[in-house]
Every structure is written in structure tokens, then in C-alpha cells.
Amino acid sequence: MNTTDDTGRCQSVCPIMPTTDVGRSVRFYESLGYTVAVHGDFVMTRRDGIELFLSLMPDHDPKRTASCVFVRVDDAEALHARWQAAGPDRIKPLRNTNYGMREFAVLDPDGNMMLYASPLRTA
């Protein structure tokens, strides 16, 4: 398979996650510094170079289904500190992984998890 062919080249990915309350999701993602556009029952968020979408699913049960998005960032520690200071209560502690990343999880009000991670610094 030729991976240098520009035909059909992938440009970006925008995961679509469930929400049971559009207004609550808008407020949560805005508190993390995302810009938000609402189109009826569909929410489009953007921060820096990433987009996360949410779709209204009133019957969504976070105990039965889960969404997880891995987001590479420049500095997980700095972003974690900024968001901790801002106050959203769904930010988990920083941790080092066995795959060489410094990461933390954020759970939105519908149980969707975003892992924000940067490579571990080597001394």
C-alpha cells in the first residue's frame, strides 16, 4: 500500500460523542476553552487544532457505553494546571504511562473521556 499517494488523503478526525443535554455540554466544553457551535441537536467544539462533536442521544447510558478520545498536547502538565485552576471538577490527576506519556483524563457530564497527553520528558 502506497502511503505517499495524495488521493483521498486524510485531513483530520472529529469524533462524535453522545450527549443527553446539549446546554450542559456547551457549558462544560466552553469551561475548557473550546469554542462551541450548536446546530439543533448537534454540537461542534474546537480548541486549537482539534474538534470534538456531540450529538443529542437522550437514551444514552454512560454506564453501558463509553467514548474515549486521545488528544496529543504540547504540555499535559501546563494544560492540567490551567484547567485545575479553572475549576471543572471532572479532571483526573496526572499520571505517567508505561507507553511514555504524561497524561490526564477529563470526563464530560455524559461519561465521555478525553485523555490529554504529551511525551514524558527525559532527563
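Two strands are taken to pair if DSSP finds at least two bridges between them, and it is within such a pairing that threonine 35 stands opposite arginine 46 in E3. The model described here is predicted, and its chain holds two helices and eight strands, which follow one another along the sequence in the pattern β-α-β-β-β-β-α-β-β-β. The points below move from the chain as a whole to its strands, one buried threonine and the cysteines.

**The chain as a whole**

- Taken along the principal axes, the box filled by the C-alpha atoms of the chain is roughly 45 × 45 × 30 Å, and 35% of the 123 residues count as buried.
- Among the contacts in the chain with a separation of 6 or more, 50% come from residues that lie 24 or more positions apart.
- The chain has an accessible surface of about 7900 Å², and carbon and sulfur atoms account for 51% of that area.
- The chain carries 14 positive and 16 negative charges, and the mean positions of these two sets are 6 Å apart.

**Strands E2, E3 and E4**

- Strand E2, residues 35-39, pairs with E3 in the antiparallel sense over five bridges, and the hairpin of these strands has two residues between them, with glycine 40 taking a positive phi near 65°.
- Strand E3 also runs antiparallel to strand E4, residues 50-56, to which six bridges join it; here phenylalanine 42 stands opposite serine 55 in E4.
- The hairpin of E3 and E4 likewise has two residues between the strands, and in this hairpin aspartate 48 takes a positive phi near 50°.
- In a regular strand the side chains alternate between the two faces of the sheet. Strand E3, residues 42-47, shows such an alternation, in that Val43, Thr45 and Arg47 point to one face and are buried, whereas Phe42, Met44 and Arg46 point to the other face and are not buried.

**Strands E5 and E8**

- Strand E5, residues 68-72, alternates as well, with Val69 and Val71 buried on one face, while Cys68, Phe70 and Arg72 point to the other face and are not buried.
- The pairing of E5 with strand E8, residues 113-119, is parallel and is made over five bridges, and within it arginine 72 stands opposite alanine 117 in E8.

**Threonine 19**

- Threonine 19 lies in strand E1, which spans residues 16-19, and the residue counts as buried because its relative accessible area is 0%.
- When neighbours within four places in sequence are left aside, the residues in contact with threonine 19 are Ser25, Leu54, Ser55, Leu56, Met57, Pro58 and Asp110.

**Cysteines**

- A disulfide is a covalent bond between the sulfur atoms of two cysteines, and a search of the whole structure finds zero of them.
- For cysteine 14 the closest cysteine sulfur is that of cysteine 10, and because the two sulfurs are 12 Å apart, they are too far from each other for a bond.
- Cysteine 68 is likewise in no disulfide, the nearest cysteine sulfur being that of cysteine 14, which is 17 Å away.
- Cysteine 14 counts as partly exposed because its relative accessibility is 23%, and cysteine 68 also counts as partly exposed, with a relative accessibility of 49%.

Notes: Residues are numbered from 1 along each chain as its sequence is written. This is a predicted model: local features need pLDDT of at least 70, side-chain atom pairs count only at pLDDT 80 or more; totals for chains, interfaces and linings use all residues. Side-chain values use heavy atoms; hydrogens and water are left out. Helices (H or I, at least four residues) and strands (E, at least two) are DSSP runs, numbered from the N terminus. Buried means under 20% relative accessible area, exposed over 50%, partly exposed in between (1.4 Å probe, protein chains only). Contact means heavy atoms within 4.5 Å. Accessible areas come from the Shrake-Rupley method with a 1.4 Å probe; for residues, only the protein chains shown count as cover. Lys and Arg count as positive and Asp and Glu as negative; His and the chain ends are not counted. The place of a charge is taken as NZ of Lys, CZ of Arg, CG of Asp or CD of Glu. A disulfide is a pair of cysteine sulfur atoms within 2.5 Å.
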